[in-house]
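Biologist: Could you take me on a close look at the side-chain contacts in this one, meaning the charged pairs, the aromatic rings, and the places where a charge meets a ring? Tell it as one connected story, please.

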Amino acid sequence: MRLRLRNALAVGAVGVLTAGLAVVVTSTPASAASTLGASAQQSGRYFGTAISASRLGDSQYTSIANAEFNMITAENEMKINATEPNRGQFNFQAADRVYNWAVQNGKRVRGHTLAWHSQQPSWMEQTSGSSLRQAMIDHINGVMGYYRGKIYAWDVVNEAFADGNSGGRRDSNLQRTGNDWIEVAFRTARAADPAAKLCYNDYNIDNWTWAKTQGVYNMVRDFKQRGVPIDCVGLQAHFNSGSPYNSNFRTTISSFAALGVDVQITELDIQGASATTYAAVVNDCLAVARCTGITVWGVRDQDSWRSGDTPLLFSGGNKKPAYTAVLNALNAAPTTGPTPTVTPSPNPTPTPTVSPGTSFRLRNEGAGRCVDSPNSASANGTLLQIYDCHTNPNQMFAYSSGRQLQTLGKCLDSPTGAGSGTRVQLWDCHGNSNQQWVFNSNGTVTSAANNLCLAVGGTGNSSTVTVASCNGSANQRWTRA
């Protein structure tokens, strides 16, 4: 998101939807979730918002944000000019205000953004060539290193493609360092924080027929073919008369997902806040298993960078018709989590061999080591590893009647919307499916949220513990020791 309107985003009436997308807004069922975050979580997704540190003193603002959303993006506080105002001198004061508010209220955080042609500090704007390339690398390492293990996903590169019909890259100081700069940014980011999902984020790539969309698609396809680490694509989805919602948005989402990446709607706002259009966007996401979450760009209309377009779900403290349409769409989704893109094979058969209350270690058959909380850490978001088996509390688990694996007062948690390769963590215990685990007769342990198998990423001490597409191999088989 830019602080000023783009030329492509004209002011005017919202584009008209096709007749087949009409949505009837009805009252929320009494048994359904009553907030956006909770209703999205029922299908294994998140529903988030952008937060400004300057508004955290507004009680109405924070009350709505806290009640309704379960993923937070810093609106400007994690951008380049905010975090590295002088070369090599990082400042996370504003970013930490947003991050700390989020985690203190039980939210996860998306990082936005690491490499971008806009909102660069003056020193970076005046840098070029190999010096700028190194500055980009140093910035990624500095910011991701500071938040290592704490951020769900990063918009590693933002808005690198040109508007118009070329389908090519934007001419920027970063692009002029060499065409491989985006690849370098993603490889740097993977090394800086292997646990974070790495996203490419852009606007006007929502319409499948547009050249810009195809340009980004071709880049992502190339990256996946060559093993460049990219986990997700962010569709900003700033819909207005200059860039209206189109019914092929679902095609765009499914086409990117078919490349093997998650898709996240990252900055949603809709001119005029049409309830029909908001519901259509949500239903498009719900229709694609790898569309893992939606973020609206602001809490209330008055907080929006496009406030004159009244594009959000709240006006002051009041819920708008679009809010009801979104909530109903989310509550209508299946509550067992989205169908995984890859069907596990072989499909394990659950067997009730673990009695609730039994205490044991989880020993991986391939590695011969046990699931371990490093240094007995128990904070929300602690990433688990395997380590030489011992009898200390940080390796001992109890299996609850709700199928939870509990240790150190927390539960083994597969992050909401997790895809294959996502690391598992510790989190406050709740009753949702992403903390429910099924022990199977072939030795695998599957997540009830996504039917992915508990796995390890290596055999040595400190190797990662993840969820992965089930294949029954030794790195996915477990014994209770």
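Modeller: Let's start with K212, whose charged end sits over the ring of Y203, 3.5 Å from the ring's centre. Keep in mind as we go that this is a predicted model. A second contact of this kind involves R108: its charged end sits over the ring of Y152, with 4.4 Å to the centre.

Y152 is a good place to move on to the rings, because this residue counts as buried at 9% relative accessibility. The model has 17 aromatic pairs. In one of them, Y152 partners with Y46: the centres are 5.8 Å apart and the planes make an angle of 80°, an edge-to-face arrangement. Y46 belongs to strand β1 (residues 46-51), while Y152 is in the loop between α6 (129-146) and β4 (153-158), so to get from one to the other you travel 106 residues along the chain. Y46 is buried too, because its relative accessibility is just 1%, and the cut-off for buried is under 20%.

That loop between α6 and β4 also holds Y147, which pairs with Y99 from helix α4 (residues 93-104), so parts 48 residues apart in sequence are tied together. Here the ring centres are 5.5 Å apart and the planes meet at 50°, so this pair is called tilted. Y99 and Y147 are both buried. They also belong to a bigger group: F90, F92, Y99, Y146 and Y147 make up one aromatic cluster.

Now for the charged pairs. The count of salt bridges is 21. Take R306 and D269, whose closest N and O atoms are 2.7 Å apart. R306 is in the loop between β9 (291-296) and β10 (314-315), D269 is in strand β8 (residues 262-270), and 37 residues separate them. Both ends of this bridge are buried: R306 has 3% relative accessibility, and D269 has 0%.

Compare that with R477 and E365, which form a salt bridge with 2.6 Å between the closest N and O atoms. R477 comes from the loop between β23 (465-468) and β24 (478-480), and E365 from the loop between β13 (362-364) and β14 (370-372), so the bridge ties together parts 112 residues apart in sequence. Neither residue is buried here: R477 is partly exposed, with a relative accessible area of 21%, and E365 is partly exposed as well, at 38%.

R226 and E183 give you a mixed case. Their side chains meet in a salt bridge at 2.8 Å, N to O. This one links two helices, with R226 in α8 (residues 211-226) and E183 in α7 (residues 181-192), 43 residues apart. R226 is partly exposed at 43% relative accessibility, whereas E183 is buried at 18%.

Finally, salt bridges don't have to come as isolated couples. R55, D58, R300 and D303 are linked in a network of them, so if you want one spot to zoom in on next, that foursome shows several charged side chains joined together.

Methods:
Residues numbered from 1 in each chain as written. Predicted model: local features only at pLDDT ≥ 70, side-chain atom pairs only at ≥ 80, totals over all residues. Heavy atoms only, no water. Salt bridge = Lys/Arg side-chain N within 4 Å of Asp/Glu carboxyl O. Helix = DSSP H or I, 4+ residues; strand = E, 2+ residues; numbered from the N terminus. Buried < 20%, exposed > 50% of the residue type's maximum accessible area, 1.4 Å probe, protein only. Phe/Tyr/Trp six-rings, centres within 6.5 Å; stacked < 30°, edge-to-face > 60°. Lys NZ or Arg CZ within 6 Å of the ring centre and 35° of its normal.
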